[in-house]
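How does a label get attached to a pair of residues or chains? Let us test some labels against their definitions.

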Amino acid sequence: MNTDQVQELLENTLTKAKTLGAESAEVLFNRGESFSVSTESKNISQYKVSSAQTLGVRIKKGKKIGTCSSESIDQDAIDIMLKQALENSNFSKESEFEDIVAPKSNIFDATDSNDYKPDETDPQKKVDYALAMEREILEADQRVQNAPYNTYSDGVSEYWVANTNGVMSFAKTSNNSLLTSSLMAEEGKQQAMFYHYQVGRTFSDLNREELVKETVKHTSNFLEGKSISTGKYDIVFSIDILSDVFGCFSNLFSGRRAVMGLNPWRDKIENTLAFSELTIKDNPNYTGAFGNGAFDSEGYPTSEITLMENGVLKSFLQNSSTAKELGMKHTANASRSPRSALSVGGSNTIIEPGKQTDHDIQTGEYVHIVDMQGLHSGTDSMSGDFSFGATGYLMKDGEMQSVVRGVTVSGNFFDALRNIKGLSNQVEANRGRTFFAPKIKFSDLTIAGA
Amino acid sequence: MLLEQEKASAVIDEAIAQGADFCDIYVEKMNFQNLKILHSDVEEIDTGIDFGLGIRLLYGTKVLYGYTNRTDIEELKRIVRTLSALDRKEPHLISKSFEDLSIKSIHPAVNGLDHAVPMEEKINFLMQIDKHARSLDSRISQVNATSIEWFKQVEIFNSEGLHATDNRNYTRIANMVIAQDGGEQASAFEGPGGLSGWEVTNRINPKELAENVTRQVLTKLGADPCPAGKMPVILDNGFGGVIFHEACGHLLETTSVQKKASVFWDKMDTMIANPVVSAVDDGTMPNQWGSINIDDEGMPTQKTQLIKDGKLTNFLVDKVGNLKTGHPRSGSGRKQNYKFAPASRMRNTFIEPGDSSLDEMIGSVDRGIYCKKMGGGSVSPGTGEFNFAAQETYLIENGKISKPLKSATLIGTGPEVLQKISMVGKNFDLAPGMCGSVSGAVPTTVGQPALKIDEILVGGQE
């Protein structure tokens, strides 16, 4: 279907929803194509192509909301979906807050040329690239036994939102990624494995050499890993692990979770909850980021939001419904897939630089954590308690003292935010390019080891 | 029928014409309904119909996989030609007519999503959980009771003439309770379910479920920090089996064995565990959450003895795993949906009962912890390093349970922990969960009787 045909499909679906009894309606439409090639033992193990689509509807009838989705988009399937959404609304609670209210905007094609770059790279070239990546891992060090996971993948996706108020917006994105791993063994030492990945907007954005080098470097280091004494340590997480840890506690900034009674900070707006230099923003238009978007899932234009400023909680991520229910500012952070109900979500998380230099942060003894295991199962986002398996380096004044492996790091996230020792003045990006933050030194977390 | 046989034949003939060594088509239609109760009211009803098909071509052991939501023959042939573009060779297979695989469902469902159970009945069931949990303690601040139902229709064709169909009804009741005492908050979760229709709720007492989860959350609230370091641990039955799932189960899937990315890849017929340990992966247990009739390659499922008296006896093997390792297929080729190629996956995986009592185990520990309820975990197959979360935990001092503790993660390596299981209890039980791996998230059951592990690293805070 071309753009005109998708627009016609969505307009017809909205018209039919009203014909069937909906007072207002919203449709989301996602479609995409993807390609991936995985290698194993210097041969292609899996070669995958796909095309997929999902249509989802949210309707309002009286004070009730109903949703439904379908992966088939023939008229019969759409009719069944619409009738089911109306049927579901009969059993939903009456809501004073949730509505389909986003007004018509001037956003139609919001595709950003930085986020969507058509790529005509020959499939054979991609296959050769993936095979070369595995070969380079295997040949990088004689202790490499295997490169169990090697995948090149790319895809194009398109996201539409339309409603009966006249919203009709869409955007396209393209993504390319590389995943690799190495498994190393050496007599008398425990085997070590490390995964690594990289993303880009085009094939030419990828840097295989750098990925291979980093993967082999960490695996080689981990072979030397040993436990350290149980005790309290200062911790600096790598940017990727820091991103994962903040991700586990994303409910703290969620207006939706506050409405649900599942956000421990629900009543803490304007309270000081963290170190005085900690400022956190959600920015949907951050240069070079992969979480950018001009409109949210209700169709509202997006903008930068300050969530925490100098340690003081300032705002939650809100859609039109949660903002109304909590009596707070609407932030245009609606998030919804065609298959799910209205919720909220962030775009890119930005932690502002602090006052210390990287050298200041690296002064003294600390553990630099570069890999963690069991992040989600080891987290209680209500109590703030966490306990993860960890791998990293015991550091002193920026110099590695030993490789640390087979330990756990545990503590309480709320306490950890208050006990931050400092933030550096240099911002780094995580591998997924959705989280940008300086180095942060957390004090006195517990490491369980020998 | 989800796809006309003529179309399936034409697609497979196209694959044969491109010189493929094997081709199968997996067609799936899934109706889903998630009903969520929150604030003692209906918060959400998510429903929908997913439909799509995946085409797999094998050239030797190379897997070529494509999927789409469309069923027109032009699109299906285009996928075959795109997949085979780099591997095309002279055809050597002969087209076979389809023969229906005749199997009787061993997991009958009465009230699946295709048999409309009144919504009021479901709401009423979930509201009972909500009301009872809230009545138990004034510190209960929120209850989220959700029913999850899937009705999955599956149809599989392959170039060996197989035509298999299966209907799979899944029902699960996910219950989370939040408690608050002053500034301290905690949460707990339990989610019973089965490969079954709504009738699975006949064996779930909503009040007991509410009481179990409420007990867990109140235990955590105000509990002392868990000690940190190596110590003996008693893991109780049911979800305690997540330790075997992570520490060993994933390492016995040919998905990792075939890459030699499992520490057990060359250990067949050797002792890999303490002799008190015998373990099974069984897809045939009637109506269990991890059960299946046929796997996603159309093979009837099996009961597979993985470890017998400490010795490794079988791997979990799918078609490609069989081609790569030579080990016989075990009806374990599974995937989340049509968007994934199948891979060898666990079903209902458990350590078989032994002869120790829970009291004997606790009595044998001077200082350690008793984990009554476990959370999720993960493993790095290449090194066998695993972790899992202890959710409801108590301190053991001088052979007796002394006080509740906060949650902690336990870590170790599979080969090491299997040797350190020194006592196996009699109180066998199973618990459902979702397992994520290369072919997506699939329903699996973990299980065990209580176990004593002589030493494991506990990631506490003190």
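The questions below deal with the meeting of chain A and chain B.

This is a predicted model, where local features need pLDDT of at least 70, side-chain atom pairs count only at pLDDT 80 or more, and totals for chains, interfaces and linings use all residues. Residues are numbered from 1 along each chain as written, chains are lettered from A and ligands numbered from 1 in the order written, and side-chain values use heavy atoms, with hydrogens and water left out.

Q: Why is the pair B:Glu44 and A:Arg256 called a salt bridge?
A: A salt bridge needs a side-chain nitrogen of Lys or Arg within 4 Å of a carboxyl oxygen of Asp or Glu. Here the N to O distance is 2.7 Å, so the pair qualifies. The rule finds nine salt bridges across this interface.

Q: How many residues does each chain bring to the contact?
A: Contact means heavy atoms within 4.5 Å. Chain A brings 67 residues and chain B brings 75 residues.

Q: How do you know what area chain A and chain B bury between them?
A: Buried area is the accessible area (1.4 Å probe) that two parts lose on being put together, summed over both. For these chains that is about 5,700 Å², with 50% of it on carbon and sulfur atoms. A:Tyr47, A:Glu71 and A:Phe91 supply 12% of the area that chain A buries against chain B, more than any other three residues.
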